[in-house]
Amino acid sequence: MANTDMHVDVAIVGAGTAGLNAMKEVQLAGKSFVLIDHGPLGTTCARVGCMPSKAVLHAGAVWQGYTLPAIGRGDAIKHEISANDLWSKAQQTRTMLYSGLADRTRASAGDRLLMGHAQFVSPDAIEVDGQRIHAQAFVIATGSTPVLPAFLDRVKDRVLTTDSVFDLDVLPETIGIIGLGAIGLEIGLALARLGVRVIAADKQQQAGGISDPEISKRVLQRFGREKGLTMWLGTDISVQPSEDGVSVSISNGVTTEKVEWLLAAMGRKPNLAGLRLDLAGIDLNESGRPAVDPHTTRSGQSAIYFAGDVAGIRPLLHEAADEGLIAGWNTARHGQTTAFHRRVPFAIVFSDPDIAAIGVPFHELDPDHTIIGAAFGQTNGRSRVMGAEENLVRIYADANSGELRGAAVFASHGEHIAYLLAWAIQRGETAASLLEMPFYHPTVEEMVQAALFDIVKQQGKPHICPVGLRPMKHRA
């Protein structure tokens with residue numbers, strides 16, 4: 001592209017999941033656009049998020065399969081590969097995923113892809129390394145970056161983030177993790193299962209970001225027994241440099257561990273630095289974020305739409321994809337903004353057993369108008385066969401109508417249960433109506449059926465026929 005002023009209908013800043021979905025909608029609308037990214041290409045999910053963490057979790061599961069004691073013997077199963085070989089394989093999978101995506105991005109955008117750093121110079125123009133671009137509307141999809149608190153500065157040479165941990169050439173013998181949300185827990189479990197000694201800490205009393213107290217209790221019981229993983233919960237920690245590593249201490253100083261590396265998994269913040277949103281007329285709140293309508297992705301009455309992690313609405317890939325579609329649709333039709341329904345929220349921690357939160361979270365429920373139906377692995381045949389008696393499903397329903405509001409899950413193969421419940425909640429199912437669906441035996445999904453029966457039982461309403469069956473209206 002020549003270094004002259006450019007005029008387009010839509011300028012999209014950021015070629016991640018949200019930006020690429022926005023571009024798709026703008027292309028379908030036949031509007032002119034430019035896609036801007038400072039590199040490297042490839043989404044957060046593919047490069048440093050959900051996909052590499054799942055690759056490492058898979059590596060950990062494979063390694064456990066190699067090293068578990070053989071049935072009836074005390075020795076380990078012989079193998080010809082090492083944990084580091086599996087780590088390298090996970091890295092190769094990561095490279096394959098994000099490099100393939102980068103190639104597809106170049107092919108899709110063609111000469112509309114502009115590599116460089118963007119900043120606003122006015123509400124209707126941005127500059128990319130000196131080139132000015134005028135647009136009728138803008139999509140900002142610049143993603144996020146890991147949070148690095150100031151107290152880590154003293155050991156910064158030994159601090160990793162989720163953006164850098166997957167670049168380690170070899171597995172360390174020890175690692176500390178600060179933050180036991182979804183990503184911190186997944187990486188901690190994956191590394192522990194690959195033989196790394198993991199010390200993980202969090203100010204919160206729960207792990208995996210789950211607020212349901214009964215689910216949280218089972219999570220801590222199960223992962224508290226995980227070999228190689230030590231969890232310090234509900235406490236502050238301090239860090240000090242030490243020879244070839246970091247000394248990590250609980251705030252009272254009584255317990256100290258030395259680790260080679262420290263992984264900061266304390267969340268992510270929006271990538272807004274350098275955009276000069278002030279010159280575009282966009283104000284930031286006390287948290288340093290712009291006000292964004294989640295149903296339009298538009299900021300106020302401006303021509304600027306925020307999508308993906310940078311919007312800070314629901315920082316998950318499938319939500320970023322939706323926000324990109326919304327932003328692309330609306331920027332292609334700027335001046336005729338459409339508000340869209342958002343899908344039922346749900347999040348999954350692929351921790352094996354999986355943790356999932358679907359719909360309205362426990363801490364937002366009205367206890368006076370909510371029934372909670374529960375199902376336990378101890379009474380589910382498939383769970384017992386798998387030795388997964390700690391499985392637990394809790395479904396939240398309106399006490400009067402029985403309409404499903406949300407759920408929390410801790411179960412082997414829990415990702416599949418989360419899907420079923422998310423679809424059911426979005427469809428407006430009640431406990432009774434969902435019980436009309438078929439359930440197969442023996443499956444972990446039968447726990448959903450058991451929890452629904454529990455809800456119906458607690459409602460205590462009379463029924464004209466057995467719950468889950470419908471009488472035929474006419475019979476010849």
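Colleague: Which residues does Ser144 touch, leaving out those up to four places away in sequence?

Modeller: In this predicted model, Ser144 touches Arg268, Lys269, Pro270, Asn271 and Asp309. Ser144 itself is found in strand E7, residues 144–146.

Colleague: What makes the pairing of the Ser144 and Arg268 side chains a polar contact?

Modeller: Look at the distance: the cut-off for such a pair of N or O atoms is 3.5 Å, and the Ser144 and Arg268 side chains are joined at 2.7 Å. That's within the limit, so it counts as a polar contact. Ser144 and Asp309 also have a side-chain polar contact, at 2.9 Å.

Colleague: Why is Ser144 called buried?

Modeller: Buried means under 20% relative accessible area. Ser144 has 8%, so buried is the right word.

Colleague: OK, on to helix H5. How do you know that its length fits a helix of twelve residues?

Modeller: H5 covers residues 182–193 and reaches 17 Å from its first C-alpha to its last. The expected value at 1.5 Å a residue is 16 Å, and the model comes out close to that.

Colleague: And why is H5 described as largely enclosed by the rest of the structure?

Modeller: Ten of its twelve residues are buried, so the description holds. Among them are Gly184, Leu185, Glu186 and Arg193.

Colleague: What does Gly195 do just after H5?

Modeller: Gly195 takes a positive phi of about 100° there.

Colleague: Last one: which residues does UniProt list for the dimerisation domain?

Modeller: The unreviewed UniProt entry gives residues 347–451 for "domain: Pyridine nucleotide-disulphide oxidoreductase dimerisation". In the model, that span is 27% helix and 30% strand, and its end C-alpha atoms lie 20 Å apart.

Methods:
Residues are numbered from 1 along each chain as its sequence is written. This is a predicted model: local features need pLDDT of at least 70, side-chain atom pairs count only at pLDDT 80 or more; totals for chains, interfaces and linings use all residues. Side-chain values use heavy atoms; hydrogens and water are left out. UniProt positions are given in the numbering used here, feature names are shortened, and annotations may be inferred rather than shown by experiment. Helices (H or I, at least four residues) and strands (E, at least two) are DSSP runs, numbered from the N terminus. Buried means under 20% relative accessible area, exposed over 50%, partly exposed in between (1.4 Å probe, protein chains only). A polar contact is a pair of N or O atoms within 3.5 Å; within protein, one must be able to donate a hydrogen and the other to accept it, and residues adjacent in sequence count only if both atoms are side-chain atoms. Contact means heavy atoms within 4.5 Å. The expected span of a helix is 1.5 Å times one less than its number of residues.
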